[in-house]
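Here's a quick walk through one structure, written for someone who would rather look at it than read tables. Keep the 3D view open as you go.

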Amino acid sequence: MNPRFLLLAAALAAPASAAPVSYDIVVYGGTSGGIAAAVQAARSGKSVVLVSPTAHLGGLTTSGLGWTDLGKSSILGGISREFYHRAYLYYQQGSAWSWQTRASFGNSGQGGPAFNDTLEIASVFEPKVAESVFNQLLTEQNVTVTTGRLDLTAAGVTMASGKIDHIRLEDGREFAGKMFIDASYEGDLLPGAGVSFTVGREANATYGETVNGIQAAGATKNQLRDGVDPYVTAGAAASGLLPGVEAGPGGADGAADARLQAYCFRMVLTDVAANRVAVAQPPGYNEADYELLFRSITAGQTSGFFKLDLMPNRKTDSNNTGGISTDFIGKNYGPGWDWTTLNHDQRQALAKQHENWQRGMLWTLQNSPRVPLAIRTSYSKWGLPADEFADNGNWPWQLYVREARRMVSDYVMTQKHCTGEVVAADSVGLAAYSMDSHHVQRHVKNGMVKNEGDIQLSVPNPYPVSYRAMVPKAGQCSNLLVPWSISATHMAFGSIRMEPVFMALSQSSAIAASLAIDQNLAVQNVPYAQLRPLLLAAGQALGDAVVGQPTSVVDNNDTALVNVTGAWISGNATAGFVGTDYLHDNNAGQGTKQVFYHLPAGFSGFQRVSLRWTAHTNRASNVAIEVRHRGGISNLTVDQRSNGGKWNLLGLYDFSGAASEGVVVKNAGANGYVIADAVGFSPVDPYEDSDNDGMSDVRELTLGLDPYVSNESFIAAVKEHPGYFDLYTSGDILELRMPKPDLVRSGADAFRLDFSIRQAEGGAPWASFQLPVVKDSPQKFFRIGLDAAPSALVAALASGSPRKVVVYGTSLTASGAWVGQMSSWLGAKYPGLLTVINSGLSGKNSAEGVAQLSTKVLAHHPDTVFIEFAMNDAFLYSDGTPSLSVSEARANLNTMIDAIKAQNPAAEIILQTMNTVWNSPSGSNASASLRPNLAAYYQMYREVAAQRNLLLIDHHPNWAALQQEDLASFQAYVPDGVHPVAQGLGKVALPLLQWKLSGGRPLP
């Protein structure tokens, strides 16, 4: 390489420009991301032009990178997934297989199958297939594509009022736009737009990272073998260093520098003789340029000079691997210059040097007498495919520019985002590939040549990329989006830079640009609450909505705020932890160990509380957690076998700021290893409304709603139908306590409440909701218009139809005041229409209920029948023999239901569970002891009600809550241990009965 030539090459003079051609959106860069942005802009109804410096489109995806750096297939969405799906469909055709059969290809891809038949995506493909798919996408949307290189002088970008007015190409053409998207690999619009950027590696200290900056000690991957001499004449220091070898790394590990990681071409080779073009010795070949290659072979390297990852039709994606390979290390920068400072002709000349280096290396491996015959024979079968890159000597069009400029915005993606320690709340796409930096330089270490800069650090989970990282700082260019050269550190960029992510971020940038145009906004002011639904509608994969990234983290090593009880062990074997390690209980001493993370000083009021652990199959799935807050202690359970390496929201809690408050991780009853890593706290402004829907985040989180997705329809329904909703108050339902009636269980202590809102009685639902409800307080009241209309009994009475009701059950019914209370309530509202017949059977179970059904129930031809026999079905005789087993009681209950329905198919049957019991000294003194399995009989009633689609009035949870929380009141209400008195029934049973019969609404 001749840097003087590169720096002094003259720029061509450009002709005078005509008036700029105007578009809504101007996309610069014919890359995969540029295509995705342009296609999406057109789909959004915007006029768009794609300006490409190259005639062939698609960037690396069409230039040999056919073995996709996917990371996880779950990151795919929108246009990125569409691209890989279309590639998949292409290879389902028999005609796609020209040089081999589909069966002989196998199905190997990077970290997964090449062809995923479940998802119908292909992550491995030929360059010409990728180019064809991209051209189809552009043609279908009639995207205007023009070939031209941006003028890289000051005239290339014209600004006006803090915006890009237009860009100018080298040939003088100009393109104006309302919005601009820089989808180039170099970030070429950034300098002219006055946007802050950086080149090279930050110091670790800049953003609190651990693997950024110079990495001489940590560069163990793709390293040269020991024994490679650094001098022109081996062993003779006076002869000078070999070209490209530095005396030292240029600084301490972790220090910043301005060097770039190495570039290469993703070489495409084939061993099919009929499609193979031999690689000739390149012009200017100099054997001395490959001295390191020869010395590495002498040191023992016999293979792995580049990858041979197979694409269909016996072609390879041949990327760098090993200590000496296709990367032209240290050849994309020099004193006072780097790839980003070169003009287009200089870049083209430097790319040609990269090409000749790689061609020369392959020729050397195949032909040089200094290479052992076995190696020459092994590599001699490979050549360039005649059916790829036919107009470029069968060589890929695009150099792999792994990194160039990186914007520096108000939000910077860092190593902590990749590991999940920090999570961006405004996701515009997911990344999942390892943090991957190729080598940056070669230097002398311990008298040998060593490579420096290669760091490959795994990523535990897919993580979101921030919208704020795609837009300039506030006050800088207000109409530019940057989906490739995003605001990220060198190490974070090493993970984000993969082609599928580039496509996703570019599509998101086009959606954001369209929204900014529609609302006349600066890109920095696009509300994420409005952007996210548009991204999801376009099929983007964004990950879960993030609720409150912690602003204060208490790590297990914080001795001032963490109290450890018991013998915990430090570990770091599983990635994704905060700080230097995490604690584990060694799966021993269950019930004797805990870690107490205290609330940080100054933290009070509403806080979002999050917990972090590292996941593994040996973890406990039932880790007990205590959150100690102003209201007391909330007991939770978390599954540490999943969702590791990220912040998991425990909930929103109100803290007083007392030293006794915080989070406790316990190992009591754990069924595996318990991890104690870190706890995060994030204060919540009580008036904060992230999605601008009129309900604060505090309120939405308390209700189980997503604070980042607008719930305007739900809120409007509350406002329009106040009689249907009385959330979190007890005024209309007296002292009714309902932690979980009619909820669908979704976890050990979690439930889901399903309901719909209807415009008219009996009409189709126009808005449906599923609210997650965590059982952390029995004082949460959900008074909501449920899917079910009022009971048939109430509906008939309201229409003026007389109703005959038979109540059938044990002494709880025969002598129960609830019957009279219900009659008085309905009779007062509907006088003269209600007849209630009490057919209760004191001391009898459901077997007697079946025996007397004909005379006690059917003879009255009822319209509605209430049934409860579980209390006596659960009774044990003194010798311990059950009165009836659960299965026998179930059979009796179904028999009664069948007989009633056989007589009158329209009859309404209402099942009831009743109260809990206790061993009262004033009663039998054994009411509870003789009913040890009462809960199982009540559960059977719930199951039958669900199976038979019957209304269930489930009194049991409310009585159980009262017995647990206010034992004195419970015993006063049930003095004999089994039969509630009228006062207790009026306080506990009647409100629920009223609520269920009315459908949660005022009586019609």
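## A helix over a sheet

Start with helix 23 (residues 934–948), which lies across strand 44, strand 45 (908–913) and strand 46. Against strand 45, helix 23 runs at about 155 degrees. Bear in mind that this is a predicted model.

The three strands belong to an open sheet of 5 strands, in the order 43-42-44-45-46, with parallel pairing. At the edges you'll find strand 43 (834–838) and strand 46 (951–954). Each of these has a single partner strand, so one side of each is left without a neighbour in the sheet. From one strand to the next, the twist averages 20 degrees.

Want to zoom in on one pairing? Strand 42 (residues 803–809) and strand 44 (residues 864–868) run parallel and are joined by 5 bridges. Pick out Val807, and its bridge partner in strand 44 is Phe866.

## Two nonpolar cores

Now for the greasy parts. The largest nonpolar core has 136 residues, and Tyr467, Ile496 and Leu531 have the most contacts inside it. Helix 12 (residues 499–519) gives this core its largest share, 11 residues. There is also a second, separate core of 62 residues, with Val794, Leu826, Ala870 and Trp995 among its members.

Which residues does Tyr467 touch, once you leave aside its neighbours within four places in sequence? Tyr467 is in contact with Asp426, Val428, Leu481, Ala512, Val523, Val526 and Leu531.

## A buried glutamine

Gln301 is worth a click too. You'll find Gln301 in the loop between helix 7 (291–298) and strand 14 (309–311). Is Gln301 buried or exposed? Its relative accessibility is 6%, so Gln301 counts as buried, the cut-off being under 20%.

As for polar partners, the side chain of Gln301 makes a polar contact of 2.5 Å with the side chain of Ser296. The Gln301 side chain also reaches the backbone oxygen of Ser303, at 3.3 Å. Skipping neighbours within four places in sequence, Gln301 is in contact with Arg225, Ser296, Ile324 and Ile375.

## Cysteines

How many disulfides does the structure hold? The count is 0.

Two cysteines to look at are Cys264 and Cys418. Cys264 has 0% relative accessibility, so this residue counts as buried. Cys418 counts as buried as well, because its relative accessibility is 1%.

Notes
Residues numbered from 1 in each chain as written. Predicted model: local features only at pLDDT ≥ 70, side-chain atom pairs only at ≥ 80, totals over all residues. Heavy atoms only, no water. Core = buried A, V, L, I, M, F, W, Y, C linked by side-chain atoms within 4.5 Å. Buried < 20%, exposed > 50% of the residue type's maximum accessible area, 1.4 Å probe, protein only. Helix = DSSP H or I, 4+ residues; strand = E, 2+ residues; numbered from the N terminus. Contact = heavy atoms within 4.5 Å. Pairing = 2+ DSSP bridges. Axes fitted to C-alpha atoms, helices over the stretch in contact; angles between N-to-C directions. Polar contact = N/O pair within 3.5 Å; in protein donor to acceptor, adjacent residues only side chain to side chain. Disulfide = S-S within 2.5 Å.
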